[in-house]
Amino acid sequence: MKSEFWFDLTDQVVVITGGAGLLGKEHAKAILKCDGIPIIADSDYENAVKVASELGGLAKAFPIDVTNEDSIIKLLQTLKKEYKQISALINNAAIDPKVGTSGLLSSRLEDITLSSIQNDLNVNLIGAVLCSKIFGQHFALNGGGKILNISSELGLIAPDQRLYEKPGLPIDKQPVKPVTYSISKAGLIGLTKYLSTYWPEKGVRANAICPGGVEFNQPIEFKNEIAKRIPLGRMAKPDEYQALVAFLCSEASSYLTGAVISADGGRTVW
């Protein structure tokens, strides 16, 4: 199994919030390839069970609502009964609105509602704070652990709203990537730095990666346009973050904490 990765995660339990999503599934594959135990934790429990079944091996599914502290505590308590130790937490759960021809016009800053702002931030940022609080304390009391926050290139740079422009629409009606996505992904970087200095003497490390966009059924026009803004000339393949995730969840990264790693094909260099 470890022929593809030299990062050893044998018997280590790694909790992945939003584990049934596109990247969550890839994170789980990375853990499996290193002989670890990926916990597919998702609010869509039925889909989480399906993903765990597809992955096979030691993957297991559990329900979680990252916006509900009792739900997070319940997951931790369940895992403590089933496993000897929990080694890492990947804060991956997120609402990532896909900008299209309809349905997102209300995401313009002038029109976005308070309830929408609260809902997005509760999942994308507050959920990560709550999970880090609960699992981080467990790590601190039990010999250490790793927290990996999945931020975004849009936590480092502003979204280029020109990518989403639709011909014929006035500028004040154009669809946009909503402000909540940028705020939450930037917030995860701040959370990472805060956590890195909070329990270091307890062996708790916190790092973040800032992935670029993943190619997944986007219109060819969009892919061509965004490719012009990326030095490597393309979007990421879904599996291209696996080695980085495995590295940061393993002891191979034992001297890294507070790191914020861009993995965006070079887009944020420009």
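The largest cavity in this predicted model has a volume of about 40 Å³. It is one of two cavities of 30 Å³ or more that the structure holds. To find it on your screen, look for Thr17, Val66, Asn91, Asn92, Ala93, Val123, Asn124, Gly127 and Ala128, which line this space. Helix H4, residues 114-141, gives the largest share of that lining, with four residues. What kinds of residues surround the largest cavity? Sort the lining by class and you get four nonpolar residues, five polar ones and no charged ones.

Now move over to the second largest cavity, which holds about 30 Å³ of space. Its lining is made of Ala88, Leu89, Lys146, Ile147, Leu148, Arg205, Asn207, Leu248 and Cys249. The elements that give two or more residues here are strand E4 (86-91), E5, E6 and helix H7 (242-249). Which of them gives the most? That's E5, with three residues. By class, the lining of the second largest cavity has six nonpolar residues, one polar residue and two charged residues.

Arg205 and Asn207 are part of that lining, and they also sit in strand E6, so let's follow that strand next. E6 covers residues 204-211, and eight of its eight residues are buried. Here's a handy bit of background: in a regular strand, the side chains alternate between the two faces of the sheet. In E6, one side carries Val204, Ala206, Ala208 and Cys210, while the other side carries Arg205, Asn207, Ile209 and Pro211. Are these faces covered or open? Both are covered, with every one of those residues buried.

What does E6 pair with? One partner is strand E5, residues 145-150, which pairs with E6 in the parallel sense over six bridges. If you want a landmark for this pairing, find Asn149, which stands opposite Ala208 in E6. Strand E7, residues 260-263, also runs parallel to E6, and four bridges join the two. Here the landmark is Cys210, whose bridge partner in E7 is Ser262.

One last thing to trace is the path through E5 and E6. Start on E5, go over helix H5 (residues 179-196) and arrive at E6: together these three make a right-handed β-α-β unit. As you trace this unit, you'll pass residues you've already met, since E5 and E6 are among the elements that line the second largest cavity.

Conventions:
Residues are numbered from 1 along each chain as its sequence is written. This is a predicted model: local features need pLDDT of at least 70, side-chain atom pairs count only at pLDDT 80 or more; totals for chains, interfaces and linings use all residues. Side-chain values use heavy atoms; hydrogens and water are left out. Buried means under 20% relative accessible area, exposed over 50%, partly exposed in between (1.4 Å probe, protein chains only). Two strands pair if DSSP finds at least two bridges between them. A crossover is right-handed if, with the strands pointing away from the viewer, the path from the first strand over the helix to the second runs clockwise. On a 1 Å grid over the protein atoms alone, a cavity is a set of points where a 1.4 Å probe fits but cannot get out, and a pocket is an open set with protein on both sides within 12 Å along at least five of seven lines; lining residues have an atom within 4 Å of a point. Grid points are joined across faces, edges and corners, and a volume is the space filled by probe spheres set on the points. Ala, Val, Leu, Ile, Met, Phe, Trp, Tyr, Cys and Pro count as nonpolar, Asp, Glu, Lys and Arg as charged, and the others, Gly among them, as polar.
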